[in-house]
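Hi,

Here is the structure I promised to pass on. Have a look at it first, and then read on for my notes.

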Amino acid sequence: MTSPAKSITSWYGFAAMLAVLASMTDARADQTQVSAPVGNPNQTVSASAHLDFVINMGKFVFFRVGTGAYPTASATIDSVSFTLQPSIPASAATPVVGNNQNVSWNGTAPSFGTSATTVLPVEVRSNAGTISLTATASTLLTSGANTIPFSQVLVSSSDTANLPAPSIPNSGVGPVVTVVGTSFANLVTQRAANWTFSYSGSGAPAAGTYTGQITFTAMSP
Amino acid sequence: MIARSSNFVWCTALLCAIGASRLPAAAFEIGVGPARVEVSAKSGQRIGQSLEISNIGAAPTEVSLRTLDWSFGENGNVTFHDELLPNSCRTWVTLERSNVKVLAHEKKNFRFQVEPPADAVRGECRFMIAIEGVEPAQRTLLGKGGVGLNLPVNGRIAIPVYVQLNGAMPKFALGELGVHVVNGARTPYVTVSNQGDAHGRLDGSLEAVGADGKEFELVPDGSPVLPGQTRQLSLLPKNTPDGKSVAMVFPIRSKGVIDWDDGSFKINAEFK
């Protein structure tokens, strides 16, 4: 996984990105013609012309959710990586890998857990001013007839001050968080962070696998 | 005991099935320009616009496109609405297509049209075009005890479109100046009311001197003020030419001119 420090590249890269996404550069030429007089064709002549450039820098927004290394072309495909961790009651022992390893078991069904947290790299770049981020609970966390409120899924940011993680609402669209601009009077934004998901696990929901979808939205209103 | 065993097997099978069914997820790495569209139009006139969608990722990606209504609170909060809000103008909008596939490291133009009907009255039509990954950017798996959470996470860029119809314009009035707290920091603000019939934004900068004698510039928050809204817009310190942030020491003396779309305000104030 690329760390935020690594994924924030130099301003040279950012300038290149602007150049790619900006509109065409328009150059308007001036024309001047100077001729030597007929009576003195060998007279030295000089001419000057103005070349005025008009650069139209279009506003854009870039949003990355997942691993990447913009503006370097990404070569990473995210894949799921998690380890099932069996826990054998009553001592909640984790079995040792290998043959003929003894572990006491009281006969209660063992449980399997996945990792307690998952990291999601994110990045925002724009030259359009304030960038707002929201989280939307696109579908609720359900397992059959059972549901878990999304408020039990917590998101924290490695850069709370500049690229905070929007909280996930139980349904619909959550409150807006603002990405702090980096330069040009907050017109330009270039931030990256890791958002860490965790499950509070409070209450006593029925066992099962709960599925729900979260959508993070970036916009410059 | 048989029941316990079957429960154990069921849980194992379920968790393994979750893992086995997961296909690789490609990150959502999309750039869109322009970041917002602000155009003028007349009733009965069709206008065409286009967005450029860039895929920075290493794999082809497919994004879905659709329109959304949105509301924007005076506190800057945004809400999206799939359903048509009253007086929504999304029925005037035609999208080129609903899905676009963009190859790795390439970009694609996407066109849309807005056609206000002939009897549309003066005002501002606002909607968003949502550009969303078809496949999740990451499948987050969490668990504790007997509970597993399977959370596909997706990315979306929302492009606001403002169509000012039949000469609709903002009309700003300056209100109270003061200091409020933003992200834990004391920040000067100006209050602006929009009495017009289209959104507007503040621009320009103010000269400022802090209590420590350091000079800097204050730049107004450029987020929109919609018709009928009254908003407190922060005056944010501009970084120094060498890119360093400015630590504001109150009280701050400030003067200069703040511009809006069709006018300006002279400011000469002390922020305590």
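In chain B of this predicted model, strand β14 (residues 203-209) runs antiparallel to strand β17 (residues 252-260), and seven bridges join the pair. If you would like a spot to zoom in on, try S205(B), which sits opposite V257(B) in β17(B).

Those two strands belong to an open sheet of seven strands in chain B, with antiparallel pairing. Reading across the sheet, the order is β12-β13-β16-β15-β14-β17-β18. Which strands stand at the edges? They are β12 (172-182) and β18 (263-271) of chain B. Each of these has a single partner strand, so one side of each is left without a neighbour in the sheet. From one strand to the next, the twist averages 25°. As a reminder, strands of a sheet pair through backbone hydrogen bonds, either parallel or antiparallel.

Next, the domains. Chain B is divided into two parts: domain 1 covers 24-165, and domain 2 covers 172-271. Their C-alpha centres are 30 Å apart. How many residues does each domain of chain B bring to the contact? Domain 1 of chain B gives eight residues, while domain 2 of chain B gives 10. On the domain 1 side of chain B, β9 (123-133) and β11 (147-165) each supply at least two of the residues that touch domain 2. By character, that side of domain 1 of chain B is made up of two nonpolar, three polar and three charged residues.

Now over to chain A, which has two helices and 13 strands. Of its 221 residues, 35% are buried. Looking at the contacts in chain A with a separation of 6 or more, 70% are between residues 24 or more positions apart.

One residue in chain A that you may want to find on screen is N99(A). Where does N99(A) lie? It is in the loop between β4 (85-87) and β5 (111-113) of chain A. Is N99(A) buried or exposed? N99(A) counts as exposed because it has 4 C-beta neighbours inside 10 Å, and the cut-off for exposed is 12 or fewer. Try drawing a line from N99(A) to T134(A) as well: the two are 35 residues apart along the chain, and their C-alpha atoms are separated by 50 Å.

That is what I have for now. Happy browsing!

Best wishes

Conventions:
Residues are numbered from 1 along each chain as its sequence is written. Chains are lettered from A and ligands numbered from 1 in the order in which they are written. This is a predicted model: local features need pLDDT of at least 70, side-chain atom pairs count only at pLDDT 80 or more; totals for chains, interfaces and linings use all residues. Helices (H or I, at least four residues) and strands (E, at least two) are DSSP runs, numbered from the N terminus. A residue is buried if 20 or more other C-beta atoms lie within 10 Å of its own, exposed if 12 or fewer, and partly exposed in between; C-beta atoms are placed from the backbone. Domain bounds come from an automatic or database domain assignment. Two residues are in contact if their C-beta atoms, placed from the backbone, lie within 7 Å. Ala, Val, Leu, Ile, Met, Phe, Trp, Tyr, Cys and Pro count as nonpolar, Asp, Glu, Lys and Arg as charged, and the others, Gly among them, as polar. Two strands pair if DSSP finds at least two bridges between them. Axes are lines fitted to C-alpha atoms, for helices over the stretch in contact, and angles run from 0 to 180 degrees between N-to-C directions.
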